[in-house]
Amino acid sequence: MKISKFTTSVLALAITAAFSAQAADDRFIIKVDNSKKGVVKALAKQMGGELKLDGNGFVAATFTGKDLSQVKGLLNNPHIELIEEDARRMPLSLYSDDMGNAMTQQLTPYAVYQSQANQVAFNSNAGMKVCVIDSGLDRSNQDFVWGNITGSNDSGTGNWDENGGPHGTHVAGTIGAADNNVGVVGMAPGVDMHIVKVFNAEGWGYSSDLAHAADQCSSAGANIISMSLGGGGANSTEENAFEAFTNAGGLVVAAAGNDGNSVRSYPAGYPSVMMIGANDADNNIADFSQFPSCDVTTGKGKRATTTSDETICVEVTAGGVDTLSTYPAGMATSASLSIDGSAMATSSMENSGSIYGNTYYMGTAEATDSGANGNVCVIDRGNISFHDKVLNCENSGGVGAIIINNEAGMLYATLGDTNATSIPAVGAAFEDRAAIVGSTNADITIGTSDYGFMSGTSMATPAVSGMAALLWSNHTECTGTEIRDALKATAQDSGASGKDVYFGYGIVKIASADAYLTANGCGGDVTPPTGGDITASATTSRSKGKNNVNLTWTGASTSSVDIYRNDALRTSTSNDGSFTDAFRTSGSFTYKVCDQGSDNCSAEVTVNF
Ligand SMILES: [Ca+2]
Ligand SMILES: [Ca+2]
Ligand SMILES: [Ca+2]
């Protein structure tokens, strides 16, 4: 069986087609006095238009295959006050990357916020190690704690610390890029990693390589194996290797695959391996994320029975669309934009370079304009091609161009195949239009970068591997399977209500998982047994609008005690015989006091408010 990397696109730009000046869905708004609307509606219909909306002082209609100037030509009528493109409106992303240039400042990728990894501190003293089986980690990238990273090579793949393409470097950055002042920040910043390079120059390897790699991960003392790869067909050698790693207390994480179908990929399809799907910044499933069934049918005909096995399908998802991470030095392209000194969201359109200048608003830049000479052109999207706008700017003496979207969101586009321009041109979001149009100066940089975007379940997988290391570093007493169960128990249900084949349990929420393990222990929501020699009692009072529980105890033997409220760990506190809990909610609350980290607890004490 051959295995290959699960990445759909190397650059965000590669998956966004160039936009034309044509209105979205060929839909236009026609402004007309209500008393003349009937005439205009009849004319629009006569000219091939299809009425979509009859508004107060306007109508909206589609003209299939027509652009704005053509529609203006068709509807040449004195009653029409204005015709403009009817733009699509859609919600902004729920989560987004930090803005700025990763070459000069540290940016946090959106998936870190989405999955709450910024809310939990990584414990670097816990000794967690993630083994990354991929195309190598290029030593040219400075955003790693290299002293914490080891590696091994398979024969024929070259050195583990030289890249076999950017894939392995991107994946490793999502797991463990350093928390410093540059680049990106990983899910478990600076975590120990062992890199196993299995991909040859052609970009694929064999399942026997993976079985061997699992042993190398084990020998290196790894807790977690992360595999952003896979292929069709199960085999027992490979399956046994990952099962042994899991049975020894480890956690194995692998990608679901990027074909957007229900095919089950391996190694993710093995029960011992946790399968990861990809979601986007809006909590939607990525259209490429594979969704194999969880059903297992045994027997035939009337004796056939179908059962569900959640270990053979997607278990959880994390961000994997347009993921920002590390590249081998200089292998990515990036753009940055500052307006009056403030970083602003942007996208690279065309032409590398770094320019600073005064801004000049050029409208839709449908002709040259001497006012642009020596300045950065600020241009609205619409009416003519992006290329011709930038060319008009350049022919006016403009030194750079910012094209602002005319509908919600960032403008992702290129200048097309026959580019006659040479000044750097970037896209900007419609939401920033007022700030950009009203600005006095702009700083644009488009150039090679050590940081860039990729999309795939390959990107979601290291996000989960890194977060598992983050969680585990705070709960080292747990096994890998208990970490896996906690990730599932606390994931945010997304897509169809309840567990589904696309999201599994949902989007990983690591602060929730951390609280869950703190409250319930490694085994999940198991109630600690009562008994022992500890006696506890409680009185109640009210002050400053709060209910107070004054808990006292004797007989505990550890220096600190664990206090449980309604069977969840409330706190660990000094064994000084008293603790006061305060809250504003009413109801019945049950407390018990336990020797720290043990099952030796007092009997339950119940208070009511
Ligand atoms: Ca960093
Ligand atoms: Ca599995
Ligand atoms: Ca769901």
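This passage describes the overall build, the central sheet and the nonpolar cores of a predicted model.

The protein chain holds 11 helices and 35 strands. Its C-alpha trace spans about 95 × 70 × 65 Å along the principal axes. Of the 609 residues in the chain, 48% are buried. Sequence-distant pairs feature strongly in the contacts: among those between residues at least 6 apart in sequence, 73% join residues at least 24 apart.

The chain divides into four parts, and it helps to keep their bounds in mind while turning the model. Domain 1 covers 24–85, domain 3 covers 332–449 and domain 4 covers 535–608, while domain 2 is written in two segments, 123–324 and 456–492. Between the C-alpha centres of domain 1 and domain 4 there is a separation of 71 Å.

A good place to look next is an open sheet of 7 strands, in which the pairing is parallel and the order reads β8-β10-β7-β12-β14-β15-β18. Its edges are formed by β8 (149–153) and β18 (314–319), each of which pairs on one side only. Direction ignored, neighbouring strands in this sheet are turned against each other by 25 degrees on average. Within the sheet, β7 (residues 129–134) and β10 (residues 192–197) are joined in the parallel sense over 6 bridges, and V130 can be found opposite M193 in β10. Helix α5 (residues 207–219) lies across β7, β8, β10 and β12 (224–227). Relative to β10, this helix runs at about 155 degrees.

We come now to the nonpolar cores. In soluble globular proteins, nonpolar side chains tend to be buried together. In this model the largest nonpolar core contains 102 residues, and the members that touch the most others are I225, V253, I276, V464, M467, A468 and L470. Helix α9 (residues 457–473) supplies the largest share of this core, with 10 residues.

I225 makes a handy starting point for exploring these surroundings. Leaving aside residues up to four places away in sequence, I225 touches C131, I133, A214, C217, F245, G250, V252 and V253. Apart from the largest core lies another, of 34 residues, with A335, M344, Y360 and I446 among them.

Technical notes. Residues numbered from 1 in each chain as written. Chains lettered and ligands numbered in written order. Predicted model: local features only at pLDDT ≥ 70, side-chain atom pairs only at ≥ 80, totals over all residues. Core = buried A, V, L, I, M, F, W, Y, C linked by C-beta atoms within 7 Å. Buried ≥ 20, exposed ≤ 12 C-beta atoms within 10 Å, placed from the backbone. Helix = DSSP H or I, 4+ residues; strand = E, 2+ residues; numbered from the N terminus. Contact = placed C-beta atoms within 7 Å. Domains from an automatic or database assignment. Pairing = 2+ DSSP bridges. Axes fitted to C-alpha atoms, helices over the stretch in contact; angles between N-to-C directions.
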